[in-house]
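Opening the notebook on this one. I want to go through the ligand site, then the aromatic pairs, then a couple of backbone oddities.

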Amino acid sequence: MNFASDNWAGATPEVMAALHRANDGAAPAYGNDALTRRVTGLFSEVFETDVQVWFTGTGTASNSLGLAALSRPGGLVFCSSEAHIHVDEWGATEFQSQGMKLVAVPQAAGRMAPEALAEMMARYPEGSRYGVPVALSLTNATELGTVYAPAGVQALTGLARARGLAVHMDGARFGNAVAASGATPAELTWKAGVDFLSFGGTKNGCWAAEAIVVFAPDRLHDLAARRQRAGHTFSKARFVAAQFEAYLTDGNWLRWARAANARAEQLRAGLRGTGPAWLGWESEANEVFAVLPRAAIAAVRAAGGTLYEWPAEAMGGQLGPDEDLVRLVTSWATTADEVERFLSLVG
Ligand SMILES: Cc1ncc(COP(=O)(O)O)c(C=O)c1O
């Protein structure tokens with residue numbers, strides 16, 4: 001019963017087999033190998049356009065180095081108040097960009113409303129003394145398990161583009177967003193106004209395989225140098241490429257993401273009733289937020305289960321004195337039996 005994080009899951013057998021295959025013999029280093037070139041082609045096929053692909057080892061590196069490649073003195077990046085870049089990355093974007101400022105926009109269940117973004121952007125008019133708006137960063141699937149459909153992305157990117165801002169998408173769980181929305185990777189990104197994407201593989205069946213996928217290369221400066229200097233230019237890039245080849249071939253990534261999303265839906269369905277455990281809010285991807293009696297949390301942990309408590313403020317004072325809000329994350333490896341066992345312990 002691992003619901004702590006999709007980062008706790010292992011790599012899929014397909015990814016492990018691909019690593020073994022790539023281990024055969026020698027190959028040119030630093031991404032000059034045939035496999036890395038082939039995988040760049042695969043990314044272009046998946047996104048239905050020519051893309052640049054920059055491997056990194058972590059989502060934090062993808063986010064911070066990509067955004068840093070837009071940096072300007074006094075630069076401002078608008079993101080949701082729950083954005084991983086804002087809450088969890090130890091100031092990596094601020095550091096890599098030599099001090100760009102993240103501006104937190106209010107969100108509801110992880111999604112920014114266009115009105116909230118417009119209102120925040122209006123506080124930073126052209127020529128103001130507060131800084132220079134540079135970018136909008138969206139996360140899909142969001143940190144709170146919800147998903148932007150293409151129209152939702154477009155409503156926000158339209159506002160950003162009207163001000164000349166570049167648009168970044170944090171896709172640590174991009175596979176889960178594609179699987180949940182039913183949209184194509186292209187519809188959720190460049191066709192909806194996204195300039196570059198942090199494309200995550202690690203949470204969905206790889207290990208340490210992440211990439212910055214660039215749709216508008218003219219907007220990003222010195223990305224190669226920034227990645228090199230940050231220590232994310234892999235000498236044995238073929239092992240990252242091998243993971244992505246297995247990931248993208250035959251739609252494996254979407255199959256794994258659909259499996260994770262289906263287990264999350266099973267959790268949500270079990271929590272929607274009127275029992276002592278209840279859903280904090282509806283989500284669509286592989287993160288579920290539930291309110292549980294503390295005794296139920298203890299029972300899950302006593303049975304060897306894992307989960308994390310989540311800050312109760314997200315529930316706006318709706319929690320009873322003996323309840324906590326928890327985050328439950330499913331992955332490609334979660335089984336229906338695990339979910340059933342969890343539900344029987346908390347129900
Ligand atoms: C939304 C989001 N973005 C990015 C990341 C990347 O994190 P890491 O740097 O640990 O790979 C995570 C991981 O939890 C995440 O949830």
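Before listing neighbours I fixed the cut-off: a residue is near a molecule if one of its heavy atoms lies within 4 Å of it. I also keep in mind that this is a predicted model.

**Ligand shell.** With that cut-off I get 13 residues surrounding the ligand. The closest are Gly-59, Thr-60, Asp-170, Arg-173 and Lys-203. Sorting the shell by class, I count seven polar residues, five charged and one nonpolar. Which helix gives the most to the shell? That is helix H3, residues 59–68, with three residues.

**Polar contacts.** I looked up what sits opposite the ligand's oxygen atoms, counting N or O pairs within 3.5 Å. Gly-59 uses its backbone: a polar atom there is 2.9 Å from a ligand oxygen. Arg-173 comes in with its side chain, where a polar atom lies 3.1 Å from an oxygen of the ligand. His-84 also uses a polar side-chain atom, and its distance to a ligand oxygen is 3.3 Å.

**Burial.** Next I checked how much of the ligand the protein covers. On its own the ligand exposes 390 Å², and the protein buries 80% of that. As for where the ligand sits, I find it in the largest pocket.

**Aromatic pairs.** I ran the search over the whole structure and got 20 aromatic pairs. I picked out one of them, Phe-43 with Phe-244. Its centres are 5.2 Å apart and the planes make 75 degrees, which I log as edge-to-face. The label follows from the angle, because planes over 60 degrees apart count as edge-to-face. Why did I bother with this pair? Phe-43 lies in helix H2 (residues 34–47) and Phe-244 in helix H11 (residues 238–248), so the pair ties together parts that are 201 residues apart in sequence.

**Backbone checks.** Two entries here. The peptide bond from Asn-140 to Ala-141 is cis, and I read omega near -5 degrees. I placed Ala-141 in the loop between strand S4 (132–139) and helix H7 (150–162). The other entry is Ala-208, which has a positive phi of about 50 degrees although it is not a glycine. Ala-208 is also in a loop, the one between strand S6 (196–200) and strand S7 (210–214).

Conventions: Residues numbered from 1 in each chain as written. Predicted model: local features only at pLDDT ≥ 70, side-chain atom pairs only at ≥ 80, totals over all residues. Heavy atoms only, no water. Polar contact = N/O pair within 3.5 Å; in protein donor to acceptor, adjacent residues only side chain to side chain. Areas by Shrake-Rupley, 256 points an atom, 1.4 Å probe, with all protein chains shown as cover. 1 Å grid on protein atoms, 1.4 Å probe; cavity = no way out; pocket = protein on both sides within 12 Å on 5 of 7 lines; lining within 4 Å. Sits in = over half its atoms within 2 Å of the grid points. Helix = DSSP H or I, 4+ residues; strand = E, 2+ residues; numbered from the N terminus. Nonpolar A, V, L, I, M, F, W, Y, C, P; charged D, E, K, R; others polar. Phe/Tyr/Trp six-rings, centres within 6.5 Å; stacked < 30°, edge-to-face > 60°.
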